[in-house]
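User: I should like to learn how to read pockets, cores and ring pairs in a protein model. Could you take me through them one at a time?

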Amino acid sequence: MEIADVVKRAYAMPLTSPSFPPGPYRFFDREYIIITYRTTREALEAVVPAPLEIDEPLVKYEFIRMPDSTGFGDYTETGQVIPVRYKGQHGGYVHSMYLDDDAPIAGGRELWGFPKKLANPKIVHEGEVVVGTLHYGSVLCATGTMGYKHREADHDQVLASLAAPNFLIKIIPHVDGSPRVCELVRYYLTDITLKEAWTAPAALDLRPHVMADVAKLPVLDIVSAVHFTADLTLGLGEVVHDYLADHGRSAAGAKELEKAGA
């Protein structure tokens with residue numbers, strides 16, 4: 001294989017049999033359970049990276065069932081999204097994600113920087129209740145329960161939340177273990193068709209685990225819950241802050257100040 005061929009084919013790993021195809025990525029009948037809860041500001045300050053700013057001390061715990069997604073197939077995901085601001089723009093910081101399929105783990109980490117880990121999340125309908133769970137190995141780490149379709153949710157509000165920007169930290173190490181890429185990435189969901197949306201009472205139980213630290217953002221009280229389905233496209237991202245470049249500028253400035261002091 002010639003050098004030009006390597007460069008042409010190198011959009012993902014492995015070179016000759018990538019784990020996922022090029023985008024865009026369209027999702028059909030995506031089912032969400034989102035339980036918004038109040039936590040401590042101290043817990044959020046320990047995990048939300050600058051230059052993002054915390055709004056209220058809230059967390060959105062999400063269970064997402066994706067039965068039909070181009071390139072990534074059929075899988076389920078769960079995790080925590082923290083409402084934040086970036087230069088006055090309101091959005092969500094994706095703090096944790098756990099899912100059960102290799103292709104979206106590889107694609108999510110390599111392309112956008114999604115903080116994805118392999119685990120076993122589930123959404124099931126049990127009579128009058130919708131249940132979301134997260135097992136990491138044999139350990140139950142999260143259980144969310146919500147009444148089934150009690151009241152219609154405000155569709156405009158749900159659409160606005162889906163259309164808001166989301167932020168991630170993309171990290172790729174160098175071959176010597178030092179950081180080669182460390183960036184704040186912004187992405188959007190686009191071409192959204194909201195099919196139905198419901199609200200109901202909900203409960204959420206998070207348990208400690210050394211490798212699935214969802215309980216480090218403790219649940220103080222439940223604020224709201226929404227259960228909905230939608231078709232949408234996961235848009236590719238853009239870099240809005242380069243931490244390594246910023247660190248380099250800071251280091252250079254410190255050296256200049258040191259020289260001036262000398």
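**Pockets, cores and ring pairs**

Analyst: In this predicted model, the second largest pocket has a lining of 21 residues, and Arg-109, Phe-114, Pro-115, Lys-116 and Ile-171 are those nearest its centre. Two or more lining residues of this pocket come from each of E5, H3, strand E6 (116-118) and strand E11 (166-173).

User: How is such empty space found, and what is the volume of the second largest pocket?

Analyst: Rolling a probe the size of a water molecule over the atoms shows where empty space is left. For the second largest pocket, the space comes to about 510 Å³. Its lining comprises 11 nonpolar, three polar and seven charged residues.

User: Which residues lie nearest the centre of the largest pocket?

Analyst: They are Ile-34, Lys-60, Glu-62, Ser-161 and Leu-162, out of 49 lining residues. The elements giving two or more residues to this lining include strand E1 (25-38), strand E4 (73-86) and helix H4 (155-163). E4 supplies the largest share, eight residues. The volume of the largest pocket is about 1000 Å³, and its lining divides into 28 nonpolar, 14 polar and seven charged residues.

User: Turning to the nonpolar cores, which members of the largest one touch the most other members?

Analyst: Val-48, Leu-52, Tyr-61, Leu-134 and Leu-184 do, in a core of 36 residues. Leaving aside residues up to four places away in sequence, Val-48 touches Ile-54, Ile-82, Val-84 and Tyr-93. A second core, separate from the largest, has 32 residues, among them Val-94, Leu-162, Tyr-187 and Leu-194.

User: How many aromatic pairs are there?

Analyst: The count is 10 aromatic pairs. One of them joins Phe-20 and Phe-72, a tilted pair with 6.4 Å from centre to centre and 55° between the planes. Phe-20 is in the loop between helix H1 (3-9) and E1, and Phe-72 is in the loop between E3 and E4, so this pair ties together parts 52 residues apart in sequence.

User: Why does Phe-20 count as buried?

Analyst: The reason is its relative accessibility of 2%, since buried means under 20%. Phe-72, with a relative accessible area of 4%, is buried as well.

User: Is the pair of Tyr-25 and Phe-72 stacked or tilted?

Analyst: The pair is stacked, because the ring centres are 4.6 Å apart and the planes stand at 15°, where stacked requires planes under 30 degrees apart. This pair links distant parts of the chain, as Tyr-25 in strand E1 is 47 residues from Phe-72. Ring pairs also link Tyr-11, Phe-20, Tyr-25, Phe-72, Trp-112, Phe-114 and Tyr-187 into a cluster.

Key: Residues numbered from 1 in each chain as written. Predicted model: local features only at pLDDT ≥ 70, side-chain atom pairs only at ≥ 80, totals over all residues. Heavy atoms only, no water. 1 Å grid on protein atoms, 1.4 Å probe; cavity = no way out; pocket = protein on both sides within 12 Å on 5 of 7 lines; lining within 4 Å. Points joined across faces, edges and corners; volume = space filled by probe spheres on them. Helix = DSSP H or I, 4+ residues; strand = E, 2+ residues; numbered from the N terminus. Nonpolar A, V, L, I, M, F, W, Y, C, P; charged D, E, K, R; others polar. Core = buried A, V, L, I, M, F, W, Y, C linked by side-chain atoms within 4.5 Å. Buried < 20%, exposed > 50% of the residue type's maximum accessible area, 1.4 Å probe, protein only. Contact = heavy atoms within 4.5 Å. Phe/Tyr/Trp six-rings, centres within 6.5 Å; stacked < 30°, edge-to-face > 60°.
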